[in-house]
Amino acid sequence: MDLKHGEKYKSIGIKIAKYRKERHMTQEELANGVGVSYGYITQIEAPNYVKKMSLEVLFDIADCLKIDIKDLL
């Protein structure tokens with residue numbers, strides 16, 4: 001998928017993975033906390049894959065990780 005802001009989506013995904021690991025959470029635990037599928041989280045975090053996400057999901061991820069949304073941007 002070629003997106004205008006693809007590199008930004010990848011960067012957000014890498015930061016999500018970083019904060020998730022710092023909190024000793026699995027991708028499955030994050031997915032359950034956010035209310036999305038495990039596969040969706042793996043796609044978001046994959047460094048070589050661009051996965052679009054809504055602001056709603058991004059806010060939910062930040063809440064679940066107990067971080068400010070700005071830390072992901």
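Me: Helices are DSSP runs (H or I) of at least four residues, numbered from the N terminus. With that in mind, where in this predicted model is the place of alanine 46?
Reply: Alanine 46 is in the loop that lies between helix 3 and helix 4 (55-65).

Me: What makes alanine 46 partly exposed?
Reply: Its relative accessible area is 23%. Buried requires under 20% and exposed over 50%, so a value of 23% makes alanine 46 partly exposed.

Me: How far apart are the C-alpha atoms of alanine 46 and cysteine 64?
Reply: These C-alpha atoms are separated by 19 Å, and the two residues are 18 residues apart along the chain.

Me: How do you know that arginine 20 forms a salt bridge with glutamate 45?
Reply: The closest N and O atoms of the pair are 2.7 Å apart. The pair links distant parts of the chain, with arginine 20 in helix 1, glutamate 45 in helix 3 (residues 38-45) and their positions 25 residues apart. The cut-off is 4 Å between a side-chain nitrogen of Lys or Arg and a carboxyl oxygen of Asp or Glu, and the pair therefore counts as a salt bridge.

Me: Why are arginine 20 and glutamate 45 called buried?
Reply: Arginine 20 has a relative accessible area of 7%, and glutamate 45 has a relative accessibility of 7%. Buried means under 20%, so the term applies to arginine 20 and to glutamate 45.

Me: Which residues does glutamate 45 touch, not counting those up to four places away in sequence?
Reply: Glutamate 45 touches Gly13, Ile16, Ala17, Arg20, Gln27 and Leu30.

Me: What makes lysine 10 and glutamate 7 a salt bridge, and how are they placed in helix 1?
Reply: Their closest N and O atoms are 3.5 Å apart, which is within the 4 Å limit. The two are three residues apart in helix 1 (residues 6-22), so about one helical turn separates them. Glutamate 7 has a relative accessible area of 58%; exposed means over 50%, so glutamate 7 is exposed.

Me: How do you know that glutamate 22 forms a salt bridge with arginine 23?
Reply: The closest N and O atoms are 3.5 Å apart, and the limit is 4 Å. Glutamate 22, at 43%, and arginine 23, at 33%, are each partly exposed, because that term covers values between the 20% and 50% cut-offs. Lys18, Glu22 and Arg23 are linked in a network of salt bridges. A search of the whole structure finds five salt bridges.

Me: What places the charged end of lysine 18 over the ring of tyrosine 19?
Reply: The charged end is 3.9 Å from the centre of the ring, and the distance limit is 6 Å. The charged end of lysine 18 accordingly sits over the ring. The structure holds zero aromatic pairs.

Me: Which residues have the most contacts inside the largest nonpolar core?
Reply: The core has 19 residues, and those with the most contacts inside it are Ile16, Leu30, Ile44, Leu58, Ile61, Leu65 and Leu72. At least two core residues come from each of helix 1, helix 2, helix 3 and helix 4. Helix 4 gives the largest share, five residues. Beyond its neighbours within four places in sequence, isoleucine 16 is in contact with residues including Leu30, Glu45 and Leu72.

Me: What is the predictor's confidence in the chain?
Reply: The mean pLDDT is 94, and 97% of residues reach 70 or more. Among the elements, helix 1 has the lowest mean (95) and helix 2 (residues 27-34) the highest (98).

Note on methods
Residues are numbered from 1 along each chain as its sequence is written. This is a predicted model: local features need pLDDT of at least 70, side-chain atom pairs count only at pLDDT 80 or more; totals for chains, interfaces and linings use all residues. Side-chain values use heavy atoms; hydrogens and water are left out. Buried means under 20% relative accessible area, exposed over 50%, partly exposed in between (1.4 Å probe, protein chains only). pLDDT is the predictor's confidence in each residue, from 0 to 100. Rings of Phe, Tyr and Trp (its six-membered ring) pair if their centres lie within 6.5 Å; planes under 30 degrees apart count as stacked, over 60 as edge-to-face and the rest as tilted. A charge sits over a ring if NZ of Lys or CZ of Arg is within 6 Å of the ring centre and within 35 degrees of the ring normal. A nonpolar core is a set of buried Ala, Val, Leu, Ile, Met, Phe, Trp, Tyr and Cys residues joined through side-chain atoms within 4.5 Å. Contact means heavy atoms within 4.5 Å.
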